Amino acid sequence: MAQEAFFNQAISSWMSQSGPDSDIVLSSRIRLARNLDSHLFPTLSSNEQALAIIKLFKENSMISSHPVWKFQLLEMVDLKPLEKRVLVEKHLISPQLAAESNLGACLLSENEEISIMINEEDHLRIQCLFPGLQLSAALKEANELDDWIEQYVDYAFSEQIGYLTSCPTNVGTGLRASVMMHLPALVLTRQMNRIIPAINQLGLVVRGTYGEGSEALGNIFQISNQITLGKSEQDIVEDLNSVVQQIIAQERLARDALVKTSHIELEDRVFRSYGTLLYSRIIESKEASQCLSDVRLGIDFGYIQDVPRSILNELMVMTQPGFLQQYAGGALRPDERDIRRASLIRECLTFRKVNPTNTEGDE
């Protein structure tokens, strides 16, 4: 796989696949924070020490020796600002790693299911992404990767408290488990304001589409654990999975209620949003995300049958500012992005209506 594919393809191969409860749960993510023994953590290290960590992985045979995965090493210093922004929009690297332009790197698998960030807040952030609700499967793969890497390096580890990390909230397992959920019915019925505080009381946190400090664009929320110390990896995953199952049930109940009490209004909302996407000549990112959310809900209800769900996953990425500019081949003013966003959406939806070939994962 050529490096350019990471920036030019809007949708990762795993995003086009279906998974358990994938009408509501877009993805499951497991992230393990690890640091190397006898090395200063990234928050304290000098530029030379940070670059030495990259060199260690660049020259180590581990990159090419994995029996299953093929990785490419991307150094942030070699990437253009737009390329880094695209990787953030695809959830392959964090905004923090993108900001560390000269000191960070990332190992990416060809299908983009695995991302190993180097010199973010910790030396390593091992991330595995799966479609739908598959936290246990993602944890299994992350642990296998963790064991594989540990054959080549020694981790900073304490027998008393576990893995040592830059941030105290990650000490212990170093595990952050999260799911990305599409919850339009809970938003429309104004239940999210009640649910979020209840989730927080369970030791979990609700964030926006791109994590801490981001907005829940298109009714997409990220739910993850806050506590890693004193709990096993399995307990963390099981606790999160249990809460997610309850949220799924609440979302389904809210959807049923909307159909029973506001069927015509709901159908009107879906088709107005569909019309906006099909015919707009200029559209802002926030409006596009909301319309895509409405259309996705319409597909789930069966109101719209000639648009595959996977095209909406693709458009959620393609309509973001970074990808739009990458697609255009250079920087665009905000008004130019809005015009190009509308044109791109029309092009994609019209093409798929004319060529309604199913792709893997469409239902």
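User: Which residues form one aromatic cluster with W148?
Analyst: This is a predicted model. W148 belongs to one aromatic cluster of three named residues: itself and its partners. Those partners are F71 and Y152.

User: How many aromatic pairs does the structure hold?
Analyst: Rings pair if their centres lie within 6.5 Å. By that cut-off, the count for the structure is six.

User: What is the geometry of the pair formed by Y155 and Y163?
Analyst: The ring centres of Y155 and Y163 are 6.0 Å apart. Their planes meet at 80 degrees. Planes over 60 degrees apart count as edge-to-face, so this pair is edge-to-face.

User: Are Y155 and Y163 buried or exposed?
Analyst: Buried means under 20% relative accessible area. Y155 falls in that class, and so does Y163. Both are buried.

User: Which residue has its charged end over the ring of Y155?
Analyst: The charged end lies 5.8 Å from the centre of the Y155 ring. The residue also lies over the face of Y163, at 3.5 Å from that ring centre. It is R34.

User: What kind of aromatic pair do F323 and Y327 form?
Analyst: Their centres are 6.5 Å apart, with 20 degrees between the planes. Planes under 30 degrees apart count as stacked. F323 and Y327 are therefore stacked.

User: Where do F323 and Y327 sit along the chain, and what separates them?
Analyst: Both lie in helix 13, residues 321-328. They are four residues apart there, so the separation is about one helical turn.

User: Is Y327 buried, partly exposed or exposed?
Analyst: Its partner F323 is buried, at 2% relative accessible area. Y327 has 43% relative accessibility. That makes Y327 partly exposed.

Conventions:
Residues numbered from 1 in each chain as written. Predicted model: local features only at pLDDT ≥ 70, side-chain atom pairs only at ≥ 80, totals over all residues. Heavy atoms only, no water. Buried < 20%, exposed > 50% of the residue type's maximum accessible area, 1.4 Å probe, protein only. Helix = DSSP H or I, 4+ residues; strand = E, 2+ residues; numbered from the N terminus. Lys NZ or Arg CZ within 6 Å of the ring centre and 35° of its normal.
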